[in-house]
Amino acid sequence: MKALKGIFLVLLILVVLIFGVLVWQQLGGEKNPITVLFPTPTPAPPTLEAPAPSVSMSGEENQRLLDLAYADCWQAEALGEASSDGEKAVLPVHVTLLNADALAGSGAREAMLEKLQARVDAAERRSDIYEEDGSYRREILQDCFDALLRERLAEKENYLTSRTPELRYRYDGEAWQLENPEELYPFRPDAAELFAAVTAEQPLLPLRYTLPEDALWGHVPKEENFVETEDPYEIAALLEKPEARALIGEETLVWNPELPFVPGTLIRCYLDESILCILWQEPENNCMGTFAETFVSDGSQLRRKISSDEPWSFWFERTSDFARDTNAVLAVGGDFYFHDRNCGVAVYQRQILRFRPDNADTCFITADGDMLFLYRGDGISQAETEQFLQDNDVVFSLAFGPVLVDEGVNVTPDYYPWGEIDMYYARSALGLLGRHHYLTMNINCDTTRRELDHLPNLQDAGYAMARRGCWKAYTLDGGQTATTAFHYALINPVQFGQEKAISDIIYFASAAPEE
């Protein structure tokens, strides 16, 4: 009996020892791999959240990385010019951005599972990886996503996408308002602000306001948009307005606040959505120089007006009267085509009125506002000229001359059969500085100012236009015809003391919508 009790006691001690070892192991006394402790299959991972640029998906560091990547990748640019009826506009744009769907696709799930499996393989306890319900711990998912995100953002160019939406604008009387900003910001809520910043330097809307070709006058300019001041910095501030920047674009202005303005004279300006005109006076070789720099939205705003609107009319008008008749912002005397000058090629409303290409340079004005020259004696036939007019969409011509500047080079001739080029008379010219960017000039004498009581010859006029950066410049009729009207009033002193009636003007008109 004692022997049996001894055997039972030994067995009991062995059972207690085995149970104690098992409990000790279960409490972590020995670090076995998860696969040994839990030989049953690992639970299937839960569905991973698709990476997307939101704080709920990732931590602050991930959001910062995404923000930097989106800002670095996001680009938008206008595709050409906007179409507009003056109240509404449509502008096609090209938008390039980092695509969250692409970032979360293209094998992202498989790459994430590989990283999770690597964490499982390296773990020593189940609790290092899983929650009690069998789902992955949040910090494990976050760590793996961090690594995946950094890898993908290092090659973010592989996850770009592009769109070409049309932006719709509405003019509210002061500025253009974007009506569908959501087209700009898939995955980028601040894209509208970014695009506004981009277009502040390269204006968004160089809108094409146009005038009908057969219109006899321009739109009525708004009285409140005319400015007269002796302070050049008031004009400089005006040039920073969005509508001015849209018209100026990348062009360089001739006008600047440091010019040597004639003391006591006013600087004049007009600005609306379709036209910017700055007029000033400065000394020019001991003469009174009257200059006007004009930007227009469309070539149709550079126009010609002939007396009675019919060729060869016997009714003449002064430049200032012409200006009021046509609603001109700026007007200058033309070529006085009627004045028995059988010279050059006279074109009006696309029709040839006179054909004498042998004895004068001709300046053709196209529908887009370009200036094309035909030099005297080029030997062109009338049939060839008509084809030239058609090919280049010529609307009218100026037949006086000569050409002063061509392709930026002063080509003022030493001899010319018209205009007494070696004598001292008031001079007038039209110059092209860039597309839809013009300079007009009168050089007169001001007998009330001793320092400005001289008159120029034609060489002086050519030099004045060339040194102000004209790409092209052409001589208009001078003498008493050398006149400039702004806001319907004569601005410059006139040779022989008074403004005379003439046959035609060149003028710039507003095309902005009228009230």
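So, the largest cavity: it holds about 50 Å³ of space. This is a predicted model, by the way, so keep that in mind throughout. In total, three cavities come in at 30 Å³ or more. The biggest one has 13 lining residues, and the ones closest to its centre are Phe400, Gly419, Arg427, Leu458 and Thr475. Which elements give two or more residues to that lining? Strands E20 and E22 do.

Okay, let's look at those two strands. E20 covers residues 427–434 and E22 covers 472–476, and five bridges join them in an antiparallel arrangement. If you want a spot to click on, Gly431 sits opposite Ala473 in E22.

Both belong to an open sheet of nine strands with antiparallel pairing, and the order is E7-E8-E9-E10-E21-E20-E22-E18-E19. At the edges you've got E7, residues 226–229, and E19, residues 409–410, each pairing on one side only. Then there's helix H12, residues 458–467, which packs on this sheet and touches E18, E19, E20, E21 and E22. The direction of H12 makes about 25° with that of E18.

Staying around E18 for a moment, there are some backbone oddities to check. Gly401 and Pro402 are joined by a cis peptide bond, with omega at about 10°. Pro402 is in the loop between E17, which is 394–398, and E18. In the loop between E18 and E19 you find Glu407, a non-glycine residue with a positive phi, near 55°. Is Glu407 buried or exposed? It counts as exposed, because its relative accessibility is 55% and the cut-off for exposed is over 50%.

There's another positive phi at Asp309, about 60°, and again that's not a glycine. Asp309 lies in the loop between E11 and helix H10, the helix at 319–326. This one is partly exposed, at 26% relative accessible area.

That brings me to E11 itself, residues 302–306. How many of its five residues are buried? Five of the five, so to speak a mostly covered strand. Generally, side chains in a regular strand alternate between the two faces of the sheet. Here, Leu302, Arg304 and Ile306 point one way, while Arg303 and Lys305 point the other way, and all of these are buried. Yes, that list includes Arg303, Arg304 and Lys305.

The partner of E11 is E25, residues 504–509, running antiparallel to it with five bridges between them. Arg304 stands opposite Ile506 there. Just ahead of E25, in the loop that follows E24 (489–490), is Gln498. Gln498 is exposed, at 56% relative accessible area. It's 18 residues from Gln480 in sequence, and the C-alpha to C-alpha distance is 7.5 Å.

Now cysteines. How many disulfides does the structure hold? Zero. Take Cys277: the nearest cysteine sulfur belongs to Cys269 and is 7.4 Å away, whereas a disulfide needs the two sulfurs within 2.5 Å. Cys277 is also buried, at 0% relative accessible area. Cys144 counts as buried too, at 4%.

Last, the whole-chain numbers. The chain has 12 helices and 25 strands. Of its 515 residues, 48% are buried. And if you take contacts with a separation of 6 or more, 71% of them are between residues 24 or more positions apart.

Notes:
Residues are numbered from 1 along each chain as its sequence is written. This is a predicted model: local features need pLDDT of at least 70, side-chain atom pairs count only at pLDDT 80 or more; totals for chains, interfaces and linings use all residues. Side-chain values use heavy atoms; hydrogens and water are left out. Buried means under 20% relative accessible area, exposed over 50%, partly exposed in between (1.4 Å probe, protein chains only). Two strands pair if DSSP finds at least two bridges between them. Helices (H or I, at least four residues) and strands (E, at least two) are DSSP runs, numbered from the N terminus. Contact means heavy atoms within 4.5 Å. Axes are lines fitted to C-alpha atoms, for helices over the stretch in contact, and angles run from 0 to 180 degrees between N-to-C directions. On a 1 Å grid over the protein atoms alone, a cavity is a set of points where a 1.4 Å probe fits but cannot get out, and a pocket is an open set with protein on both sides within 12 Å along at least five of seven lines; lining residues have an atom within 4 Å of a point. Grid points are joined across faces, edges and corners, and a volume is the space filled by probe spheres set on the points.
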